[in-house]
Amino acid sequence: MQFHHYGYVSEDPNVQPAAGVGLNRSPELPDEMDVLIVGAGPAGVIAAAQLAQFPNIDTRIIDRRDGRLPIGQADGIQARSVETFQAFGFAERIIAEAYRITEMAFWKPDTDHPENIVRTARPADDPSGVSEFPHLIVNQARVLDYYSEVAANGPARLTTDWGWNFVSLEIGEGEYPVAVTLERTAGEDAGTPAGTRRTVHAKYVIGADGAHSGVRDSIGAKHIGGVSQHAWGVMDVLANTDFPDIRTKCAIQSHDGGSILHIPREGGYLFRMYVDLGEVAPDDNGAVRKTSIDEIIARANQIMHPYTVDVKNVAWSSVYEVGHRVTDRFDDVPVDAAGTRTPHVFITGDACHTHSAKAGQGMNVSMQDGWNIAWKLAHVLDGRAPESLLSTYSAERQVVAQNLIDFDREWSTLMAKRPEEFENPSELEDFYVRTAEFPAGFMTEYTPSMIVSGEAEQALATGFPLGKRFKSAPVVRVGDANPVHLGHHHRADGRWRVYAFADAPVAGAPSKLGAWADWMLTSPESPLAAHTPEGADLDSVFDVKVVYQQQHPEVDLGAVPAVFLPKVGPFQITDYEKVYATSPEEDIFESRGISREGAVVVVRPDQYVAHVLPLTATAELAAFFEGALLPRRAAVGA
């Protein structure tokens, strides 16, 4: 973490100085705003946390509840989400309080005594090492707390306006074209009693209002899919048991009672069980949802025989039927009008995709939705990018949602099978291991667009696939000789990362890196010159870093090009944390397949690889950013 460059900081450095709209933020919901976020769930709060980093963007987030969520339904945190927590600055804290999944045990009927279950396999949770971050279990409410804290501590001082329910919206003309009707649901807001309706106007609206989304209905998006005829009971409980794997994630299959997905919860005592309630009759009409907690517990004991679970306390329980739905679009532009106008309303999370809870994807995918649209809105409203950038949201995220639905349908089907229905006895655990990268969140691969190049030279950095998230690797920071993870310094501050991987030094030969660095700093065609606002810090839009092939004692910091040692803040203090060398433990050039001739890797603000180029391709680098960003402008307030 870096601070003090704006002056000495003696209090919590996570609390950034208030600026812009954060200086005099009104406690009352205003009549006009830049962005209105509807719903303070996972997608909504991450969008708020990102937009709060932009002090000149007036964002408000509303929720129909009267305060924070006390207990959430989601709890699985995939490794990609923990990478995202790192970007927002709270990964270490949430890891400390979470339950960590290291392996998964599979239980099946005993061949000799099928009325009993026995453990048959316990594969590692991340057998291929797709991330240095763990797979966690932690209450959704705590995730919301952390993102809300980031938003409140951001320059814009963004906090939730509780007690407002979305009613409808209309899209018109003018500076604030979206008219949103709200209804007061709880409490008092400057004397506004419950039941009072009012209309506010926004430039853009993000609908993060759940599976029964009013925002989705207001823009006419179609929810495609249906509900399966299979029901599950879910319960978070405190219990005594003789089951030996009660603190291990388990898939449990019985010979006649169905199956259980068992998930230990954070804190060392609580656990969750998804209990198979069997097929639902076509004329059930929701009756299965009235299944009592006693029936769910009894079914769990039947499945787990010869082991028993003596429930002492039920923290939460529910009954649901698996649904698989995805909307036909994620913004207000009709499918047949795509590309003809700019969208102004976007839907995220459960508002546009719903599926079972057993793959642990709902909250995780929803957060990536929220981050994706939030940084794009920030770029447009901050004058960094054209409005056409906003059309990439639906194009990118709908494909991800459909892939998720397809994966979850297969996983849910396997979980609902009886043991005798499997052709291969190890099919369930084989599927779990084979597909580990998908639920971990690392199979997302965005296709070429204005922010993902279609002309990248992938062979220069094979370990950074175009359109996929930037997979971090160990390096050593030259300035202080500290071993660090390169990707961990990619914070959710809205900046693009440009990583220059140096060419190998050759005696008597000019350095490609040196020529590239000089061009970046001095050429009028350089992205730094073309897109950095006048009067702003050199690294305000682009965070330009260098990684040398040598180990750190061999790198002379005094000879490092100036573009990698920018002067920042009101006192123009040198930033020494952009210069890296290879780690003696792992050579990043080897582990990520980077050419010894050097390479440039461009990474979007949401950590996805946007371009891979040789150090000599300066014109191509400039052209890419000309298509993604607007020309430089006067700094706001200058």
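This is a guided tour of a predicted model, arranged as a series of selections to make in the viewer.

**Strand 1 and its partners**

Begin by selecting strand 1, residues 32-38, which is mostly covered, with six of its seven residues buried. Add strand 11, residues 197-207, and you will see that it pairs with strand 1 in the parallel sense over six bridges. Then add strand 2, residues 59-63, whose pairing with strand 1 is also parallel and runs over four bridges. Leu-36 is a useful residue on which to centre the view, since it stands opposite Val-205 in strand 11, while its bridge partner in strand 2 is Arg-60. When following the side chains here, bear in mind that in a regular strand they alternate between the two faces of the sheet.

Before leaving this end of the chain, step back to His-4, which lies in the segment before strand 1. His-4 has a positive phi of about 85° although it is not a glycine, and with a relative accessible area of 37% it is partly exposed. For context, most residues other than glycine have a negative phi.

**A three-stranded open sheet**

Next, select strands 3, 7 and 4, which form an open sheet in that order, 3-7-4, with antiparallel pairing. Strand 3 (76-77) and strand 4 (99-101) stand at the edges, and because each has a single partner strand, one side of each is left without a neighbour in the sheet. Zoom in on the antiparallel pair made by strand 4 and strand 7 (residues 135-137), where three bridges join the two; within strand 7, Ile-137 is the residue that Tyr-99 faces.

**Helix 7 and the nonpolar cores**

Now move to helix 7, residues 362-381, a helix of 20 residues that reaches 29 Å from its first C-alpha to its last, close to the 28 Å expected at 1.5 Å a residue. Is this helix mostly covered, or mostly uncovered? It is mostly covered, for 19 of its 20 residues are buried. Just after the helix, Gly-383 takes a positive phi of about 80°.

Keep helix 7 displayed and select Phe-85, Phe-88, Tyr-147, Trp-496, Trp-516 and Phe-564, which touch the most other members of the largest nonpolar core, a set of 113 residues. Helix 7 contributes the largest share of this core, nine residues. Another core, of 27 residues, lies apart from it and includes Leu-466, Phe-470, Leu-486 and Val-612.

**A cis peptide bond**

Go next to the loop between helix 6 (293-303) and strand 16 (309-327), where Pro-306 is placed. The peptide bond that leads from His-305 to Pro-306 is cis, with omega near 20°, and this is worth inspecting given that most peptide bonds are trans.

**The annotated C-terminal region**

For the last part of the tour, select residues 444-631, which UniProt, in an unreviewed entry, lists as "domain: Phenol hydroxylase-like C-terminal dimerisation". Over this range the chain is 16% helix and 21% strand, and the end C-alpha atoms are 30 Å apart.

Within the range 482-485, which is strand 20, find His-485. Its side chain is joined to that of Ser-472 by a polar contact of 2.7 Å. Leaving aside neighbours within four places in sequence, the residues in contact with His-485 are Glu-132, Ser-472, Ala-473 and Pro-474.

Then select Ser-523, in the loop between helix 10 (512-522) and helix 11 (527-531). Ser-523 is buried, with a relative accessible area of 9%, and beyond its neighbours within four places in sequence it is in contact with Asp-518 and Ala-529.

Continue to His-552, found in the loop between strand 22 (542-548) and strand 23 (567-568). His-552 is partly exposed, at a relative accessible area of 28%. Setting aside neighbours within four places in sequence, its contacts are Val-476, Val-478, Ala-481 and Ala-581. To place this residue in the wider model, draw a distance between the C-alpha atoms of His-552 and Asp-283: the two residues are 269 residues apart along the chain, and the separation is 70 Å.

Finish at Gln-607, in the loop between strand 26 (599-603) and strand 27 (609-613). Its phi is near 80°, a positive value in a residue other than glycine. Is Gln-607 buried or exposed? With a relative accessible area of 7%, Gln-607 is buried.

Methods. Residues numbered from 1 in each chain as written. Heavy atoms only, no water. Pairing = 2+ DSSP bridges. UniProt positions renumbered as here; feature names shortened; annotations may be inferred. Expected span 1.5 Å × (residues − 1). Buried < 20%, exposed > 50% of the residue type's maximum accessible area, 1.4 Å probe, protein only. Core = buried A, V, L, I, M, F, W, Y, C linked by side-chain atoms within 4.5 Å. Polar contact = N/O pair within 3.5 Å; in protein donor to acceptor, adjacent residues only side chain to side chain. Contact = heavy atoms within 4.5 Å.
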